[in-house]
Amino acid sequence: MNQPSLNPVAHPAHPIADLGAPARTVGELRAMSFRGLARMYLPEERAFVFRLRCTDQGIVSEGRSRRYAAIALIGLATETAEDCAVALRGHTPHDPLNKLAEEVDGVTNLGDVALATWAAQALKSPHQEKFWKRLHTLASADKPQPTVEVAWSLYAACLLRHLDKDGLAPKLAARLMQGFSQKARVFPHVLGKSRAHVACFADMVYPIQSLSLYSQVYGDQAALNAASLGAATICERQGPAGQWWWHYDVRTGGVVEGYPVYAIHQDAMGPMALFALAQHGGPDYSAAIRKGLDWLWHAPEINGSLIDPRADIIWRKVARREPKKLTRYLKASASYLHPSLGVPGIDWVLPPRIIDAECRPYHLGWLLHAWPAARAAKWDRMHGAGK
């Protein structure tokens with residue numbers, strides 16, 4: 001089976017040929033995650049790369065990411081020492097976490113600190129209070145902040161409630177709920193002074209996850225209601241083949257642009273948010289989770305899967321064949337003029353058939369977080385091996 005190019009910008013003629021039979025169980029995805037993280041971890045630096053990318057010279061690693069390291073550690077926090085040793089090439093999770101602790105006082109990005117604080121609590125690190133102090137400083141700032149970073153901060157604050165002496169968690173939860181549109185049932189992209197009318201899938205899943213936890217820790221039914229409404233929005237608008245669509249109109253709740261569809265949304269971010277909602281008293285969206293996985297097993301856009309058994313990797317997304325972000329800008333501009341305006345014929349002119357051949361550590365970290373061993377085994381027993 002010949003498929004579209006791996007990277008439409010850098011290698012327009014480089015094909016993926018005959019991906020073969022992909023993994024069909026969550027257990028297989030978990031096993032790939034440990035092996036994938038091992039390829040992304042640099043023990044001599046106690047750091048994770050930013051990504052693996054397929055090139056004409058093979059699969060290469062690029063950059064470093066403190067944020068992705070923290071997410072990988074969150075995912076590994078519930079795993080066995082043996083599996084962690086595989087993923088970290090002989091290290092324990094405390095080796096890269098200790099490096100994050102050494103650097104945290106100089107970090108100015110709220111999201112990076114929030115995730116590292118979360119990881120520190122999950123791993124029961126002695127550095128929890130150090131991370132918390134830095135998080136408190138950054139999260140207390142009175143300025144517009146990305147919704148996802150506030151949601152991560154809220155989750156960490158809930159986990160470290162014993163250190164939250166002046167009520168940071170309720171303040172963060174209030175910011176998320178104040179930004180949430182009850183009419184559209186959508187969280188904005190930025191909390192604070194923002195006129196942007198487009199939010200993304202990440203702006204939905206992280207508040208759903210964090211407000212679900214907050215509702216249980218603080219007994220706040222309003223938080224659970226907001227999380228439940230947000231979940232209803234993404235599930236009601238899920239694509240016919242199980243696609244978790246990418247961009248939403250904060251005024252109406254409608255889908256502005258569905259593509260790209262990301263593998264991480266299908267097997268990790270969508271499931272972990274919906275599992276958190278159900279775990280803390282919200283609706284059960286197992287059917288939507290199953291549909292999302294079905295798309296990953298076989299995406300009709302490419303007549304195949306982003307799971308590549310030859311490379312032993314899960315590729316990043318299915319996107320349109322287009323100049324960078326053209327469709328996104330066209331659809332956002334049209335919907336800005338009027339919510340009902342679209343771009344006719346875009347699926348024919350710019351079809352979603354491109355495989356973005358890269359993988360990042362946060363994908364595998366969130367996958368492990370969404371699917372701890374017991375949950376994955378139960379799911380595979382109940383739902384079989386996909387289509």
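In this predicted model, helix α1 meets helix α15 through L29, R30, S33, F34, G36, L37 and M40 on the α1 side, and through P361, L364, L367 and L368 on the α15 side. Sorted by character, the residues of this contact comprise eight nonpolar, two polar and one charged. A pair of packed helices can be described by the angle between the two axes together with the distance separating them. Here, the axes of α1, which spans residues 26–40, and α15, which covers residues 361–370, come within 9 Å and cross at roughly 145 degrees. The crossing of α1 past α15 is left-handed.

A second place to explore is a small group of strands and the helix that lies across two of them. Three strands form an open sheet in the order β9-β10-β11, and their pairing is antiparallel. At the edges sit β9 (198–200) and β11 (255–257), each of which pairs on one side only. From one strand to the next, the twist averages 45 degrees.

Following β9 a little further, its antiparallel pairing with β10 (residues 247–249) extends over three bridges. One place to find this pairing in the structure is V198, whose bridge partner in β10 is D249. The strands β9 and β10 also have a helical neighbour: helix α9, made up of residues 201–218, lies across both of these strands. Relative to β9, helix α9 runs at about 60 degrees.

Technical notes. Residues numbered from 1 in each chain as written. Predicted model: local features only at pLDDT ≥ 70, side-chain atom pairs only at ≥ 80, totals over all residues. Heavy atoms only, no water. Axes fitted to C-alpha atoms, helices over the stretch in contact; angles between N-to-C directions. Helix = DSSP H or I, 4+ residues; strand = E, 2+ residues; numbered from the N terminus. Left-handed = near helix turned anticlockwise from the far one by under 90°. Contact = heavy atoms within 4.5 Å. Nonpolar A, V, L, I, M, F, W, Y, C, P; charged D, E, K, R; others polar. Pairing = 2+ DSSP bridges.
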